[in-house]
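This report looks at two contact surfaces, one between chains and one between domains. Please keep the model in view while reading.

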Amino acid sequence: MQAPIEYYLVLSAVLFAIGVAGVVIRRDVIVILMSIELMLNAVNLTFIAFSRFMGSVEGQVIVFFVMTVAAAEAVVGLAIVISVFRFRQTLDPRDMQLLKW
Amino acid sequence: MIVFFILAFLTLLFSLLVVTQRNVVHSAMALAATLFVMAVLFLTLDAPMLGVLQILVYAGAIMILILFVIMLLNPLSIEARPAAWWMLGSLGAAALCLQLAALVHRPAVSAEAAVPASFGGPESIAQSLFTDFALPFGLASVLLLVAIIGAVALAQRQR
Amino acid sequence: MIVDLAIVAVKAFLVLFMVLNLAGILGWVERKGSALIQDRIGANRASIFGFAGMGLVNTLIADPIKMLTKEDFIPAHGDRLMHTLAPCLALFPALVTFAVIPFGDVLVVGGREINLQVANLNIGILYIFAMASLSVYGIVIGAWASNNKFSLLGGVRGAAQMVSYEIAMGLSVIGIVIVYGTLEPQAMVRAQGELFWGWLPAWGVVRQPLAFLLFFTAAVAETKRLPFDAPEGESEIVAGYHVEYSGGKFLMFFAGEFAEVVTAAGLVTTLFFGGWQVPYLLRDGFYFPWGSVVSLAPLTVTILQVAAFTVKVLFFCWLQIILRWTLPRFRYDQIMRLGWKMLLPAALVNLFLTAAWIVVRRPV
């Protein structure tokens, strides 16, 4: 038997919250990037659940685009991490606040 | 139903590990496992194409890239855990969680819609992608090109 | 219902059994092949009551016993959990990929249709690539968990190499996918039963010769064997990502490598060499182009098909082993240049030409 849509939505909400917690709590840029991926995935789950329950394939197409954007985001994010690490030898976001007033 | 609960439990377990593991590589592997289990969740929602793409793109490409960067930089530092900060962050996340869960109390749809057998297969997605979403598709490929150039420009050693 | 489940279980077991045993036998073929090429006799010492079986006893019995009874060593400050997980991650993708490779046509027994393929997915090709992309984890994690600089170097090299060649591999297959218009391996093999000009089997290699060369090169690179064994590189980084592995875990890496060889051979056969197709063999017998017909029972036809598939797979396994002992190792920058500056553009050109040909031939 298929689980009702609420279950998927709650799971997605919890996942999203875990991702947010990761971004807030962690002090490692790479883990923060990974938490963002987690949040994107939570949203993907919502899209796919709605796509199934409303019987329209558009939700899945949107997830396809989310994946594209996630890939682009990860690539650019990691390139920034590499170049920052090269200059400052650190992955801690607290050491990257020169532009903060 | 039982399948859903098992998968949901695994997803939550691994995603919690992503946030709580102090070793970066452990976090990354936990995230890879989360993504893999979520791909199976997608399969239960009649999205086989996206389930496989999820493994291919997320677990196979993005996570490998992240692991590659971790190994390249090899930071080898175990993060400290300031208790107060963790408490605050967890409380905030729990509050957000409750708020989001309250929203799904009355969803717009309740019963599953009837769908053809080919739902979520390559044909149905391609049909939608290359007709209704042709322009976003083109834009997405331009976005990827820009990301490639940007990444090369950023990560290149200055001469 | 139960019978269906039992059939699936039997098929899955058979395929696993065949792939794992073939991997073991390939170990023996590799030793004997290398001996042949280097003008030696090869493994022939271990024997049971004087029976050495041309070294079979050595490879199939003595070697596994030796490895399984060795100390399972985990380096100090290594990561115990990840060190144990890595060999499993290396073996798993190679084994599960074979699930979508068809080894025979649909067999009808007592009114029940048995598809000679473990899982018939309509996204089979994508599934293969998804699983292939997971095989990087074993190397990277094993390399990192060993806490060894040589390992780490091997792991970084391996990750870069496999990610690079995956792209060329995927792009070269897209040409084939366009030609057959399906992502389903069984349907692809069926389409390869057609004939060109009444006599030439329309195998993938005939329709897409360039794609075959690119795919085979990339597949060899994915197995991390010579000439693409920079991740291991015995003479420069000792043994790369599995320096710190011994005993059963090393055996798993070893078996994983040979299972990858078998899987690569199976893929090349399915995509480019007609899978289980025997030229001119239809469902009820041979129909030769010069007009003669030999009728055969359906079961005979199935046996012939499975045998043809096996022979083709064995041929490509053998080819990979001969390649491994014939070619020297590429330097790391040469591997990268070959992947990105030759295979990738060639695959793109092939894809473009194929797409153009399809558009010209079948106007919408």
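## Two interfaces of chain B

Between domain 1 of chain B and domain 2 of chain B, the count of residue pairs in polar contact (both at pLDDT 80 or more) is zero, where a polar contact is a pair of N or O atoms within 3.5 Å, one able to donate a hydrogen and the other to accept it, and residues adjacent in sequence count only if both atoms are side-chain atoms. This is a predicted model, in which local features need pLDDT of at least 70, side-chain atom pairs count only at pLDDT 80 or more, and totals for chains, interfaces and linings use all residues. Residues are numbered from 1 along each chain as its sequence is written, chains are lettered from A and ligands numbered from 1 in the order in which they are written, and side-chain values use heavy atoms, without hydrogens and water.

The table gives buried area, the accessible area (1.4 Å probe) that two parts lose on being put together, summed over both.

| Parts | Buried area | On carbon and sulfur atoms |
|---|---|---|
| Domain 1 and domain 2 of chain B | about 330 Å² | 76% |
| Chain B and chain C | about 2,100 Å² | 84% |

In chain B, the residues that lose the most area to chain C are B:Met29, B:Ile64 and B:Met71, together 28% of what that side buries. The contact (heavy atoms within 4.5 Å) takes 22 residues from chain B and 24 residues from chain C. Between these two chains there is one residue pair in polar contact (both at pLDDT 80 or more).
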